Amino acid sequence: MYSLARKFFFTLSGEMAHQLALESLDAAWRLRLTRLMAAPPIHAPVEAMGLTFPNAVGLAAGLDKNADHLNSLGSLGFGFIEVGTVTPKPQPGNPKPRLFRIPEQEAIINRMGFNNKGMAHLIAQVKKRQYSGLIGINLGKNLTTPVEKAVDDYLLGLEAAFPHADYITVNISSPNTPGLRSLQYGEALKQLLQPLKHRQQQLADEQQRHVPLLVKVAPDMNRDELQSLADCLREVAVDGVIATNTTLDKSQVSEFKNGQEEGGLSGRPLTEKANQMTAQLTEALEGSLPIIGVGGIFSAADASERIKAGATLVQLYTGFIYKGPQLIHECAEAIAAIRPLAPKGNESRGN
Ligand SMILES: Cc1cc2nc3c(=O)[nH]c(=O)nc-3n(C[C@H](O)[C@H](O)[C@H](O)COP(=O)(O)O)c2cc1C
C-alpha cells in the first residue's frame, strides 16, 4: 500500500509531497486508520539517559519541525519522536525549492534552513498532544542571531523546552545555517556547551526533573576533529550524542538529477559514513555516552549494524520516506532480537 502512495507523492515536488503526506496521515489518524498502515508497535524497552524508550527506533528531527503531526506520527509505532529544529522566533527558511529527491540513490538533498513556526507554537502543540510516547525537542538558532551569540538562542530554547521535553538536542550540525557547524570545534564548542550544561543543572534543581541534553553532530569530520569533539562532550558531561546529520559530501550522487543541489545529503549514500562515524565515536567516547545513530537506515540489517557499531537507539528520516511505516516495525524488531535484555548506555540518573 505504501509503495502505491509513494508513487503518487513522488509525482509532486519534494516539499509539497512532504506536506500532503503529513496532512493525509493526520486525516487517517482522525479516522483511526493509521493502525492499518503500520504493523503493531514493538514493545522492547530500552533504558538510556534515565529514560525508558518503548522501543529503540525514533523519528529523526526535521520531519515534524513544529510538532504539528505528533499524534499521527506517534501512532505508527515509533519509540520516540524528535521535533524541531525549532528556533526561538519563527523564521521562513530558505527560498523554495529547497528539498530534492534523488530516487536512483534513495537520497534527499535539503537546504530548508530551519523553516519553523518558532518555540511558542511548538510548545503549544506539544502541550496539547494525545501522543503519549517520548519527545525530544531539537534546538537551533535563528538565522539573524550571529554565530558568536548562538548560545543566547540555545539558552532561550533550553528554558522554554525544558518542562515539556523528555530530552533536548543541541543541533550544531545543520549545513544550511551559515557558520553553525563551526560551533562543533574547539573552544567554540566548549563555550557553547558549558553554559547550557550549567543551566540544565539549575533547571533540574528548580523543577526536580533531569532532562537529558544531547548534541547532534555532522558526519563530515576527520578523526582528530572527532576525537576532540568526543573529549569535549565528555568533559562537559552532556548526556548523549546524535550521529549524524546530513553530509556535504555529494560524490555518490553528483551524476544524478538534483545530485549537485546545494544543501545536506541524506539517505542511502549516508549509511556507510554514519556507520563508521558511530563506530569511531564509540571508540573515542570509550562507551561513556549513549549514541543515537541516524543516517541512511533503510532496513532491519542497517538498524542492527548501527547498534553493533555502538548506538543505543536509532532514528529514521529518509528511509522512512522511501520505505514507509513498515520500516519502524522491522528495525525495532531486529534490534530487540539482537539485544533482548541488555540495553547499553543506560546509567540511570533518575527523573
Ligand atoms: C528534509 C530534511 C530536513 C531535515 N531537517 C532537520 C532539522 O531541522 N534538524 C535536524 O537536526 N536534522 C534535520 N534533518 C536531518 C535528519 O534528522 C537526519 O539526521 C539526516 O537526514 C540523516 O538521516 P537519514 O539518512 O535517515 O535521513 C533533516 C533531514 C531532511 C532530509
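**Around the ligand**

Biologist: Why is the pair formed by a backbone N or O atom of Gly-296 and an oxygen atom of the ligand called a polar contact?

Modeller: The two atoms lie 2.8 Å apart, and a polar contact is a pair of N or O atoms within 3.5 Å, so this pair qualifies. This is a predicted model: local features need pLDDT of at least 70, side-chain atom pairs count only at pLDDT 80 or more, and totals for chains, interfaces and linings use all residues. Residues are numbered from 1 along each chain as its sequence is written, and side-chain values use heavy atoms, without hydrogens and water.

Biologist: Which side chains make polar contacts with an oxygen atom of the ligand?

Modeller: Asn-171 has a polar side-chain atom 3.1 Å from a ligand oxygen, and Thr-318 has one at 2.5 Å. Of the 610 Å² of accessible area (Shrake-Rupley, 1.4 Å probe) that the ligand has on its own, the protein covers 98%.

Biologist: Which residues surrounding the ligand are the closest?

Modeller: Ala-61, Thr-85, Gly-267, Gly-296 and Thr-318, from 22 surrounding residues; to count, a residue needs a heavy atom within 4 Å. Strands β6 and β11 each supply at least two residues of this shell.

Biologist: What makes β6 and β11 a pair?

Modeller: Pairing takes at least two DSSP bridges, and these strands have four, in the antiparallel sense, so they pair. Ala-107 has Gly-267 as its bridge partner in β11.

Biologist: How do you know that both faces of β11 are covered?

Modeller: Gly-264 and Ser-266 on one side, and Leu-265 and Gly-267 on the other, are all buried, meaning under 20% relative accessible area (1.4 Å probe, protein chains only).

Conventions:
Buried means under 20% relative accessible area, exposed over 50%, partly exposed in between (1.4 Å probe, protein chains only). A polar contact is a pair of N or O atoms within 3.5 Å; within protein, one must be able to donate a hydrogen and the other to accept it, and residues adjacent in sequence count only if both atoms are side-chain atoms.
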